[in-house]
Amino acid sequence: MAQNTHPTTDETLKPVYRPEDVREHQPDPGQYPYTRGIYPTMYRARLWTMRQYAGFSSADETNQRFRYLLQQGVTGLSVAFDLPTQLGLDSDDPRAEGEVGRVGVAIDTVEDMARLFDGIPLDRVSTSMTINAPAALLLLMYELVAERQGVPAHALSGTIQNDILKEYAARGTYIFPPRPSMRLITDTFAYCRQHIPKWNTISISGYHIREAGATAVQELAFTLANGIAYVQAALDAGLPIDEFAPRLSFFFNAHSNFFEEIAKFRAARRMWARLMQERFGARDPRSLQLRFHTQTAGSTLTSQQPLNNVVRTTLEALAAVLGGTQSLHTNGYDEALGLPTAESATLALRTQQIIAYESGVPAVADPLGGAYLIEWLTDRLEAEALALIERIDAMGGAVQAIEEGWIQQQIADAAWETQQAIERGEKIVVGVNRWQSGDETRVPIFYPNAAVTAEQTATLARIRAERDQQAVDAALDEVRRAAEGSANLLPPIKEALRRHATLGEICNVLRAVWGEYRPSVAI
């Protein structure tokens with residue numbers, strides 16, 4: 001029997017949209033509330049930053065991939081760290097066994113960071129680092145490497161993800177409890193304001209919330225609710241809003257529902273501009289402008305018929321560009337099977353380059369602005385997301401909603417509903433529940449170097465043997481005193497790193513003072 005080939009539809013949509021469906025006319029791009037884009041001419045003046053996320057095995061091997069990607073035309077680097085690094089564990093820690101260098105690069109000391117960026121001038125490249133609980137430590141390592149290169153801190157540009165709230169809600173690579181983690185983030189805001197002024201101090205991330213199963217509305221609402229919590233924490237720490245808010249950035253997912261995603265990005269800009277002006281009283285236009293990085297959706301990639309992922313990624317990347325992203329990563333088609341090969345990463349980059357230089361899309365700012373469907377979807381997403389933010393406000397804010405497990409439960413329920421829709425055949429996934437093929441296409445799979453654990457362990461042993469242990473102990477004691485008190489933590493952490501203290505040793509000092517987070521609710 002022939003399969004039903006009728007396309008799936010969103011039952012909330014009408015078949016036709018007309019002028020009366022549009023709530024209000026939006027100002028031009030570059031004008032408050034920035035629905036149509038934060039810059040007047042958008043990509044006519046400057047294209048988005050083309051990043052390719054990379055990191056595996058050792059710093060030396062990842063450095064080779066970085067150099068290759070730069071030769072292929074990436075305009076910004078994006079670092080993936082392995083799980084031990086993300087969790088503040090050294091590579092020789094027994095808890096790191098089997099995970100060193102597997103899903104990212106292993107970074108234990110400043111020496112590793114120096115090898116990671118060997119031959120890459122840090123004053124001429126923008127670097128994004130996907131790191132959260134120990135984000136401040138990795139940023140300080142980067143600053144120390146820049147010092148070795150003779151690059152002043154004020155010349156450095158890039159982003160640390162540094163968004164711990166979404167870790168509790170959706171991703172799980174947390175170390176410390178929420179309250180001291182928030183202090184570490186606001187200390188980073190204050191430090192960068194003084195020392196690394198061009199650095200984006202946080203990337204408030206809806207990406208992982210969406211990857212965990214959230215809807216577009218939930219991604220929008222929970223991300224901005226977390227942003228509200230960070231702004232309030234910084235204000236409570238005594239930081240003037242227009243001194244830190246211009247360096248806040250965001251990170252969103254680009255899923256396959258093409259028009260909904262475009263509308264989501266437009267709604268996010270409008271909502272953030274109004275929140276910053278009306279709730280927090282920001283006056284600097286840069287404080288009101290939501291700047292964001294986008295990554296195409298890993299959760300939409302399929303191991304079945306993996307070449308189909310090229311099409312999915314292209315649609316998602318185009319949605320991000322039409323939505324006005326400032327930076328973009330495109331996934332490799334093989335990432336449902338493993339880390340991307342050099343070939344698949346190159347094809348992903350070429351996807352961005354074809355959109356940028358062959359499609360004609362960047363010639364006009366917000367080319368879909370005024371389209372009745374897009375404007376109606378923008379209004380709908382904004383209204384539904386604001387309703388969720390109001391519920392979170394009523395609970396006492398995002399931190400409280402996470403501690404109570406409410407946000408986690410909302411995401412889990414949405415993920416369950418989506419999976420059930422796929423299993424019932426209501427949500428079609430080509431090659432998975434429709435048009436399956438018994439003869440699956442086989443693609444090359446990338447395997448990280450299995451020898452990295454021994455290499456990292458040997459390097460750590462050498463560094464510990466050669467360093468001045470008394471100086472290290474004294475520096476770690478200063479970190480402990482700062483953690484117990486209220487002084488900014490980053491200066492003593494930087495000094496400990498300079499003395500060749502390891503990532504794990506510094507995080508263990510903070511663990512001893514603050515404890516480790518254990519969720520009080522199970523989802």
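**Exercise 1. Find the volume of the largest pocket in this predicted model, and describe its lining.**

Solution.
Step 1. Start with the volume: the largest pocket has about 2000 Å³.
Step 2. Go on to the residues around the pocket. Its lining is made of 50 residues, and those nearest the centre are Ser256, Asn257, Thr418, Lys427 and Ile428.
Step 3. Assign the lining to elements. Two or more residues each come from helix H7 (207-211), helix H8 (216-236), helix H10 (258-279), helix H12 (308-322), helix H14 (372-395) and helix H16 (406-423). The largest share is that of H16, with 7 residues.
Step 4. Sort the lining by residue class: 22 residues are nonpolar, 16 are polar and 12 are charged.

**Exercise 2. State how many cavities of 30 Å³ or more the structure has, and describe the largest cavity.**

Solution.
Step 1. A search of the whole structure gives 3 cavities of that size.
Step 2. The volume of the largest cavity is about 80 Å³.
Step 3. This cavity is lined by 15 residues, and Tyr43, Val321, Leu322, Asp366 and Pro367 are the closest to its centre.
Step 4. By class, the lining of the largest cavity holds 9 nonpolar, 3 polar and 3 charged residues.

**Exercise 3. Count the salt bridges, then decide for three pairs whether each partner is buried, partly exposed or exposed.**

Solution.
Step 1. The count over the whole structure is 47 salt bridges.
Step 2. Take Lys166 and Glu167, whose side chains form a salt bridge with an N to O distance of 2.8 Å. The cut-off for buried is under 20% relative accessible area. Lys166 has 0% and is therefore buried. Glu167 has 1%, so Glu167 is buried as well.
Step 3. Take Arg286 and Asp284, which form a salt bridge at 2.8 Å, N to O. Asp284 is buried because its relative accessibility is 19%, under the 20% limit. Arg286, with 47%, is partly exposed.
Step 4. Take Glu426 and Arg424, where the closest N and O atoms of the salt bridge are 2.8 Å apart. Exposed means over 50%. Arg424, at 51%, therefore counts as exposed, while Glu426, at 48%, is partly exposed.
Step 5. Look for salt bridges that join into a network. One such network links Arg23, Glu24, Arg270, Arg274, Asp379 and Glu382.

**Exercise 4. Give the number of disulfides, and explain why Cys192 is not part of one.**

Solution.
Step 1. Recall what is being looked for: a disulfide is a covalent bond between the sulfur atoms of two cysteines.
Step 2. Set the cut-off: the two sulfur atoms must be within 2.5 Å.
Step 3. Apply the cut-off to Cys192. The closest cysteine sulfur belongs to Cys507 and is 17 Å away, so the distance is too far for a bond.
Step 4. Turn to Cys507. The nearest cysteine sulfur is that of Cys192, at 17 Å, and Cys507 is in no disulfide.
Step 5. The count is 0 disulfides.
Step 6. Add the surroundings of the two residues. Cys192 is buried, at 1% relative accessibility, and Cys507 is buried with a relative accessible area of 1%.

**Exercise 5. Locate a cis peptide bond before Pro33, and place Pro33 in the chain.**

Solution.
Step 1. Read omega for the bond from Tyr32 to Pro33: the angle is near 5 degrees, and the peptide bond is cis.
Step 2. Find the position of Pro33, which lies in the segment before strand E1 (49-54).

**Exercise 6. Describe the backbone of Met42 and Ser57 by their phi angles, and say whether these residues are buried or exposed.**

Solution.
Step 1. Begin with Met42, a residue other than glycine whose phi is positive, near 50 degrees. Met42 is in the segment before E1.
Step 2. Check the accessibility of Met42. The value is 6%, so Met42 counts as buried.
Step 3. Continue with Ser57, which is not a glycine but has a positive phi of about 55 degrees. Ser57 sits in the loop between E1 and helix H1 (59-72).
Step 4. Check the accessibility of Ser57. With a relative accessible area of 0%, Ser57 is buried.

Conventions. Residues numbered from 1 in each chain as written. Predicted model: local features only at pLDDT ≥ 70, side-chain atom pairs only at ≥ 80, totals over all residues. Heavy atoms only, no water. Salt bridge = Lys/Arg side-chain N within 4 Å of Asp/Glu carboxyl O. Buried < 20%, exposed > 50% of the residue type's maximum accessible area, 1.4 Å probe, protein only. 1 Å grid on protein atoms, 1.4 Å probe; cavity = no way out; pocket = protein on both sides within 12 Å on 5 of 7 lines; lining within 4 Å. Points joined across faces, edges and corners; volume = space filled by probe spheres on them. Nonpolar A, V, L, I, M, F, W, Y, C, P; charged D, E, K, R; others polar. Helix = DSSP H or I, 4+ residues; strand = E, 2+ residues; numbered from the N terminus.
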